[in-house]
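Please find below my notes on this model, set out as numbered points. They take up the cysteines, the strands, the ligand and the charged pairs in turn.

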Amino acid sequence: MTLKLGCIADDFTGGTDLANNLVRAGMRTVQVIGVPDAASPAPSADAVVVALKSRTAPVAEAVAQSVAAARWLRAQGAAQIYFKVCSTFDSTPQGNIGPVAEALMDELGADFVVITPAFPENGRTVFKGHLFVGDLLLSDSSMRHHPLTPMTDASLVRVMQAQLDPTRGRRVGLIDYRCVAQGAAAIVQRIDALLAEGVALAVVDALNDDDLRQLARASADLPLVVAGSGLAIGIPALHGLAGNAQAAQLPPAGGARAVVSGSCSAATNAQVAAFMAAGGAAFAVDPLQLAAGRPVVEQAMAWARPLLGRGPVLVHATAEPAAVREVQERLGADKAGALVEHALSRIAVGLAEAGVGQLIVAGGETSGACVQALGITHLRIGPQIDPGVPWCHAGAPARPTALHLALKSGNFGGTDFFTRAFEVLS
Ligand code: ADP
């Protein structure tokens, strides 16, 4: 099977979100964790997503990993590279979206790049270069309180321009909704016009799925696209593929059910509350107890073991913004995040060893930490639970028992996600 599309995701849940859209549109997709060895052959799939944990890594590290991923994907035959970023454009003033995009442009010899985090099915739309989350501008949404990447400016042209290297002089332009509505040919024309004006990157408006399909067609020959998962819905059709059940087939699931959550996003807070309100068993991990050196991981495991098999158990550090702020003021945001991620990833490993075969992890960074701790090297992407979140079958050479995983990024999923997800699998 020849590789049709090579993807680089800046976090693990973002990778599965992208893979989910490719699978639904008919591409068999495998996500590999980290950059494979130069000698590793591509898994048998139409698309491969190299999932990195580079969203909040130091810039140089994010750039180096992304370039290595692009090299490996190109060596496997990928003609186009899809750099998948968050649908809320999660980044800091230093990056990493801008620096990685520029490094990939250099690596791939790309003189023009389109950028759109739009994912209308999940309420992410781009209008006049401004990102909306539902009915709110990004900067008015709950993303302004994100623990690691607070987003306080909805103008993607401005955000992106500020992340580019000023000494390189690349400029960011806009392809607006009026142009996009005229279809692929008009978008190609606009790209040519922007290139002639010396613009090298363009944020592209997209209000609905058809806008994304037109953009996918218009950018089919570009070596690099920078997008949320939405643009992926238009790519399989360009290769003659259409949605089919086989693309999402996984081996049967077994074992006990558990949820590990380190996301403090508004949707996850609601999901944790709904799970507990419905009588679900939950254990709260307190970052201050972790910082004080208390054996919180052992306590969580002692609590969970006797409950496994009776119904899903939830272990979480999920908290409301005020509580997160208080913890961050005491410990520092990075230290609090790292402590919680480390503890939750040890708990995920403990749960898998205790017989959990169906595991939901909530939180992008949290998922990255758990997948690494579990020794997972690749994930085959299966059926969708909610937009942006599929079940996956984990490949972990060192792990004797099978594990089905769902990696849920913070703001995704309906309120009943933590119970309904298991019904989708059975
Ligand atoms: P999301 O997908 O919602 O952004 P992430 O896992 O990517 O979730 O990010 C949440 C970050 O917040 C992680 O680094 C996590 O360890 C940290 N965190 C989780 N719970 C708390 C808490 N109670 N206080 C402070 N930080 C927390």
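**Notes on the predicted model**

1. Cysteines. The count of disulfides in this predicted model comes to 0. Cys-86 takes part in no disulfide, and the nearest cysteine sulfur to its own, that of Cys-264, is 15 Å away. Cys-86 is nevertheless a buried residue, its relative accessible area being 11%. For Cys-370 the closest cysteine sulfur belongs to Cys-392 and lies 14 Å away, which is too far for a bond, since a disulfide would require the two sulfur atoms to be within 2.5 Å. Cys-370 is buried as well, with a relative accessible area of 1%.

2. The sheet of E6, E7 and E8. These 3 strands form an open sheet in the order E6-E7-E8, and their pairing is antiparallel. Strand E6 (124-127) and strand E8 (136-137) each have a single partner strand and stand at the edges, so one side of each is left without a neighbour in the sheet. Strand E7, which covers residues 130-133, pairs with E8 over 2 bridges in the antiparallel sense, and within this pairing Val-133 is found opposite Leu-136 of E8.

3. Strand E17 and its partners. Which strands pair with E17 (residues 389-395)? On one hand, strand E16 (residues 378-386) pairs with E17 in the antiparallel sense over 6 bridges, with Gln-384 placed opposite Pro-390 of E17. The hairpin of E16 and E17 has 2 residues between the strands, and in this hairpin Gly-388 takes a positive phi near 90°. On the other hand, 3 bridges join E17 to strand E18 (residues 404-408), again in an antiparallel arrangement, and here Trp-391 stands opposite Ala-406 of E18. Of the 7 residues of E17, 6 are buried, so the strand is largely enclosed by the rest of the structure.

4. Ligand surroundings. There are 21 residues around the ligand, of which His-146, Ser-263, Ser-265, Glu-341 and Thr-366 come nearest. Backbone atoms also approach the ligand: a backbone N or O atom of Gly-337 is 2.9 Å from a ligand oxygen atom, a polar backbone atom of Gly-364 is 2.8 Å from an oxygen atom of the ligand, and for a polar backbone atom of Glu-365 the corresponding distance to a ligand oxygen is 2.7 Å. The ligand taken alone exposes 570 Å², and the protein buries 96% of that area.

5. Salt bridges between distant parts of the chain. A search of the whole structure finds 18 salt bridges. One of them joins the side chains of Arg-24 and Glu-121, with an N to O distance of 3.0 Å. Because Arg-24 lies in helix H1 (residues 12-24) and Glu-121 in the loop between strand E5 (113-116) and E6, this pair ties together parts that are 97 residues apart in sequence. Arg-24 counts as partly exposed at 33% relative accessibility, and Glu-121 likewise at 38%. In another salt bridge, the closest N and O atoms of Arg-168 and Asp-106 are 2.9 Å apart. This pair links the loop between helix H4 (156-163) and strand E9 (172-175), where Arg-168 lies, to helix H3 (residues 97-108), which holds Asp-106, the two residues being 62 apart.

6. Further charged groups. The side chains of Arg-178 and Asp-176 meet in a salt bridge at 2.7 Å, N to O, and Asp-176 is buried, with a relative accessible area of 16%. Finally, salt bridges that share partners join Asp-10, Asp-11, Arg-55 and Asp-90 into one network.

Conventions
Residues are numbered from 1 along each chain as its sequence is written. This is a predicted model: local features need pLDDT of at least 70, side-chain atom pairs count only at pLDDT 80 or more; totals for chains, interfaces and linings use all residues. Side-chain values use heavy atoms; hydrogens and water are left out. Buried means under 20% relative accessible area, exposed over 50%, partly exposed in between (1.4 Å probe, protein chains only). Two strands pair if DSSP finds at least two bridges between them. Helices (H or I, at least four residues) and strands (E, at least two) are DSSP runs, numbered from the N terminus. A residue is near a molecule or strand if one of its heavy atoms lies within 4 Å of it. A polar contact is a pair of N or O atoms within 3.5 Å; within protein, one must be able to donate a hydrogen and the other to accept it, and residues adjacent in sequence count only if both atoms are side-chain atoms. Accessible areas come from the Shrake-Rupley method with a 1.4 Å probe; for residues, only the protein chains shown count as cover. A salt bridge is a side-chain nitrogen of Lys or Arg within 4 Å of a carboxyl oxygen of Asp or Glu.
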